[in-house]
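Work through the exercises below with the sequence and the model side by side. Each task is followed by a solution that proceeds in steps.

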Amino acid sequence: MRDLFWLSDEAWAALEPHLPHNQPGKPRVDDRRVISGILHILKTGGRWRDVPPEYGPAKTIYNRYTRWARRGVWQRIFAKVAAAGQSQRSWRSTVPT
């Protein structure tokens, strides 16, 4: 079994309200899966094109990361989560059931 990173239910509950909504264009694919893939790559230091297929297409993972980085979405999310006082324990990886 691969050593994959998945956002815990607690971490997702803290993160999800801060995601951008009502964006124009095509509806986004599963945010939790894609963000878990982004965090997996950042955590392991791997190449975007080598993201495990369980997270979805590598191009989707990379595009979401870079688009949100250019728009400042990540900084806003991290600032809001930090201001809410979320403990690091809630961000542990879990195995989906």
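## Exercise 1: The two sides of helix α4

The buried residues of α4 are V73, W74, I77 and V81. These residues span an arc of only 95° around the axis, so they lie on the same side of α4. The model is a predicted one, and the exercise continues from this buried side.

**Task.** State which exposed residues sit on the face of α4 turned away from its buried side, and which elements are included in what covers the buried residues.

**Solution.** Step 1: turn to the face of α4 directed away from the buried side, where the exposed residues Q75, A82 and A83 are found. Step 2: return to the buried residues of α4, whose cover includes α1, α2 and α3. Step 3: follow the chain just past the end of α4, where G85 adopts a positive phi of about 75°.

## Exercise 2: The overall plan

**Task.** Describe how many helices and strands the protein has, and what share of its residues count as buried.

**Solution.** Step 1: count the elements, which gives four helices and zero strands, arranged along the sequence in the pattern α-α-α-α. Step 2: consider burial, for which 35% of the 97 residues count as buried. Step 3: consider the surface, of which the protein exposes about 6,500 Å², with carbon and sulfur atoms supplying 52% of that area. Step 4: look at the contacts with a separation of 6 or more, 63% of which are accounted for by residues 24 or more positions apart.

## Exercise 3: The largest nonpolar core

**Task.** Identify the residues with the most contacts inside the largest nonpolar core, and list what W68 is in contact with beyond its neighbours within four places in sequence.

**Solution.** Step 1: the largest nonpolar core has 20 residues, and those with the most contacts inside it are L7, L15, L19, I35, Y55, W68 and I77. Step 2: the elements giving two or more residues to this core are α1 (9-15), α2 (31-44), α3 and α4 (73-83). Step 3: once neighbours within four places in sequence are set aside, W68 is in contact with L19, P20, R28, I35, V73, W74 and I77.

## Exercise 4: Helix α3 and its surroundings

**Task.** Work out how the span of α3 stands against the expected value, which of its residues are buried, and whether K59 is buried or exposed.

**Solution.** Step 1: α3 has 14 residues and reaches 20 Å from its first C-alpha to its last, which is close to the 20 Å expected at 1.5 Å a residue. Step 2: the buried residues of α3 are I61, N63, R64, T66 and W68, and they pack against α2 and α4. Step 3: K59 belongs to the same helix, α3 (residues 58-71); because its relative accessible area is 64%, K59 is exposed, the cut-off for that class being over 50%. Step 4: just after α3, G72 takes a positive phi of about 80°.

## Exercise 5: Two buried residues of helix α2

**Task.** For S36 and D31, establish whether each is buried or exposed, and then find the polar partners of their side chains.

**Solution.** Step 1: S36 is found in helix α2 and counts as buried because its relative accessibility is 0%. Step 2: the side chain of S36 reaches the backbone oxygen of R32 at 2.9 Å, while, neighbours within four places in sequence aside, S36 is in contact with F5, W6, L7 and Y55. Step 3: D31 also lies in helix α2, and at 15% relative accessibility D31 counts as buried, since the class takes in values under 20%. Step 4: the side chain of D31 makes a polar contact with the side chain of R64 at 2.7 Å; not counting residues up to four places away in sequence, D31 touches W12, L19 and R64.

## Exercise 6: The loop between α2 and α3

**Task.** Locate W48, and name the residues that W48 touches, not counting those up to four places away in sequence.

**Solution.** Step 1: W48 lies in the loop between α2 and α3. Step 2: with residues up to four places away in sequence left out, W48 touches I38, I41, A58, I61, Y62 and Y65. Step 3: the C-alpha atoms of W48 and G37 are separated by 9.3 Å, and these residues are 11 apart along the chain. Step 4: P57 lies in the loop between α2 and α3 as well, and at 48% relative accessibility P57 counts as partly exposed.

Conventions: Residues numbered from 1 in each chain as written. Predicted model: local features only at pLDDT ≥ 70, side-chain atom pairs only at ≥ 80, totals over all residues. Heavy atoms only, no water. Buried < 20%, exposed > 50% of the residue type's maximum accessible area, 1.4 Å probe, protein only. Core = buried A, V, L, I, M, F, W, Y, C linked by side-chain atoms within 4.5 Å. Contact = heavy atoms within 4.5 Å. Areas by Shrake-Rupley, 256 points an atom, 1.4 Å probe, with all protein chains shown as cover. Polar contact = N/O pair within 3.5 Å; in protein donor to acceptor, adjacent residues only side chain to side chain. Arc of directions from axis to C-beta. Expected span 1.5 Å × (residues − 1).
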